[in-house]
Amino acid sequence: MTRIATPVTRLLGVDLPIVQAGMSWASSSSALPLAVSNAGGLGVVAAGPMRLPDLDRVLTEVAAGTSRPWAVNLPLYRAGVDEVIELVLRHRPPVLIASQGGPRRYLERFHAIGTRCLHVVAGVSHALKAADAGVDGLVVVGAEAGGHPPPAMVTTSVLVRAVARAVDLPVVASGGIADGAGLAAVLALGAGAAQFGTRFLASAEASVHPAYKEAVVTAGVDGTRTVGHGLGVIRALDNDFTARMRALEESGAEEALRRKTFQAATLLDAALHGDVAEGKLEAGQSAGLVDAVLPAAEIVARIVREYRTARAGLPPIT
C-alpha cells in the first residue's frame, strides 16, 4: 500500500495523512469511516447527533469491519455527553477527536485504554491550552471550513502555520482542502495531515440525501455563506434559508427573530430529508473544488495521485 509518512501518520498508525472529518449524519454510520480507513486514511464516526443504541451498533460495525485505525468524533457540548463517553470507552477506539470543550474532561480515561486523542482548536491560544492539557495532537480548523468555522475567521493557511510555529504537536489542517494539491500545501505549512470534510460529503458512502450531495457538486467556491452570527455561526451552501438569515442580519433584526429563523432550519432537514432550499446545507468553500460524487476509496486514491503530481510540479532550487 502507498504510504506518506508524517508525524500524524506515525502517531495514528495510518498509511496516509488523510483524515475524513466527523460530519453529523454523513459519517454517523459505518459505511464512510470504514471505506476511508480501509483505503489507508483515518475514517471518523460522527457521534454528535447519534442516540446511544445507534452509536453502539455503528462502533461495533466499524471495529468488526477493519483492522486499520479509526476514530470517533465527539462534540463535548452534546446532551448526555458523559453517557456517550462511557459508551465510547467500552469500544476502545484507536483515536478520539474531541471538540467544543476542555480536554481534561476525557483525556485521562482514554489515554488509560491506549486511545490517541486529538483536540479540535480554532486559535493559537486554544492550541496552547490543549497542548498543556496533554493531548496527542491537534485538528486546526480555518475559516473556509463547513459547519462551525472559527469565530475569528482566520484562514486555514494562516492559522495552521501559526499553530505549527507555536505548538510542538502533530497537527491536522482542516478547512478549504479538497484535493492532493491542498494536502501538499498544508504539509508545507507544517501540518502532518489534512482533514477532508466537504470532499467526503460528496462520496457514495456518505449517509446524506442525494440532493445534498448534488448541491455540493454544483456549488462554486463563492457558493457558501456564514450565517447565525452571535447565535453559533455556521458556514453553509447558499439557499433560501441562508438568504433569509443574511437579510435579517444585514437589516439589524432583533435577536429573537434571528434566533427563531436560525433554529427553524436544521441540518437534519437537509441531510436526511433532502430539503436543499430550507435546510442547513453545511459545507465548506472547498465545495467549489468538488466535481463529482465518488466512492470514498477512489477519493482517497485520487488525493494521493494529485499529491504526487503537486509535489512533482514544484520548481527545484537552483
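How many helices and strands are there in the chain? This predicted model has 14 helices and 10 strands. Let's walk through it, beginning with the whole chain and then visiting some residues one by one.

## The chain as a whole

With a radius of gyration of 19 Å, close to the 20 Å that the globule rule gives for 318 residues, the chain is as compact as a globular protein of that length. If you draw a box around the C-alpha atoms along the principal axes, the box is roughly 55 × 50 × 35 Å.

How much of the chain is buried? Of the 318 residues, 54% count as buried. The accessible surface comes to about 13,300 Å², and carbon and sulfur atoms own 53% of that surface.

The fold also brings together residues from far along the sequence. Among contacts with a separation of 6 or more, 59% link residues 24 or more positions apart. As for charge, the chain carries 29 positive and 29 negative side chains, and the centres of these two sets lie 6 Å apart.

## Inside the cores

The largest nonpolar core has 81 residues. Which of its members touch the most other members? They are Ile18, Leu55, Tyr106, Leu138, Phe200, Tyr212 and Val216. A second, separate core holds 16 residues, including Ile97, Val139, Ala145 and Val172.

Phe200 is a good place to look into the largest core. Leaving out residues up to four places away in sequence, Phe200 touches Ile18, Gln20, Met23, Leu32, Val36, Ala206, Ala296, Ile299 and Val300.

Tyr212 and Val216 lead us to helix 10, where both belong to the buried residues, along with Lys213, Ala215 and Val217. What covers these buried residues? The cover includes helix 9, strand 10 (234-237) and helix 13 (267-271).

## Four residues to compare

Here are four residues with their computed accessibility.

| Residue | Relative accessible area | State |
|---|---|---|
| Thr9 | 5% | buried |
| Leu183 | 0% | buried |
| His209 | 29% | partly exposed |
| Thr242 | 0% | buried |

Thr9 sits in helix 1, which spans residues 7-12. Its contacts, apart from neighbours within four places in sequence, are Ile4, Val14, Asp15, Leu16 and Pro17. Thr9 also has a distant partner in sequence: Gly192 is 183 residues away along the chain, yet the two C-alpha atoms are 7.4 Å apart in space.

Leu183 belongs to helix 8, residues 180-189. Beyond residues up to four places away, Leu183 touches Pro17, Ile18, Ile177, Ala193, Ala194, Phe196, Ile303 and Tyr307. One of these, Ile18, is also in contact with Phe200. How far is Leu183 from Gly230 in space? Their C-alpha atoms are 32 Å apart, with their positions 47 residues apart in sequence.

His209 is found in the loop between helix 9 (198-201) and helix 10 (210-218). Setting aside residues up to four places away in sequence, His209 touches a run of residues made of Ala270, Ala271, Leu272, His273 and Gly274. Trp25 is 184 residues from His209 in sequence, while their C-alpha atoms are 9.9 Å apart.

Thr242 has its place in helix 11, residues 240-250. Is Thr242 buried or exposed? Thr242 is buried, because its relative accessible area is 0%. Residues up to four places away aside, Thr242 touches Val227, Ala236 and Leu237.

## Two residues with positive phi

To finish, here is a detail of the backbone. Most residues other than glycine have a negative phi. Which residues have a positive phi here? Arg92 is one of them, with phi near 50 degrees, and Gln100 is another, at about 60 degrees.

Both residues are in loops. Arg92 lies in the loop between helix 4 (81-91) and strand 4 (95-99), and Gln100 in the loop between strand 4 and helix 5 (107-112). The side of Gln100 that meets the surroundings can be put in numbers too: Gln100 is partly exposed, with a relative accessible area of 48%.

How values were computed
Residues numbered from 1 in each chain as written. Predicted model: local features only at pLDDT ≥ 70, side-chain atom pairs only at ≥ 80, totals over all residues. Heavy atoms only, no water. Helix = DSSP H or I, 4+ residues; strand = E, 2+ residues; numbered from the N terminus. Rg over C-alpha atoms; globule rule 2.2 N^0.38 Å. Buried < 20%, exposed > 50% of the residue type's maximum accessible area, 1.4 Å probe, protein only. Contact = heavy atoms within 4.5 Å. Areas by Shrake-Rupley, 256 points an atom, 1.4 Å probe, with all protein chains shown as cover. Lys, Arg positive; Asp, Glu negative; His and termini not counted. Charge placed at Lys NZ, Arg CZ, Asp CG, Glu CD. Core = buried A, V, L, I, M, F, W, Y, C linked by side-chain atoms within 4.5 Å.
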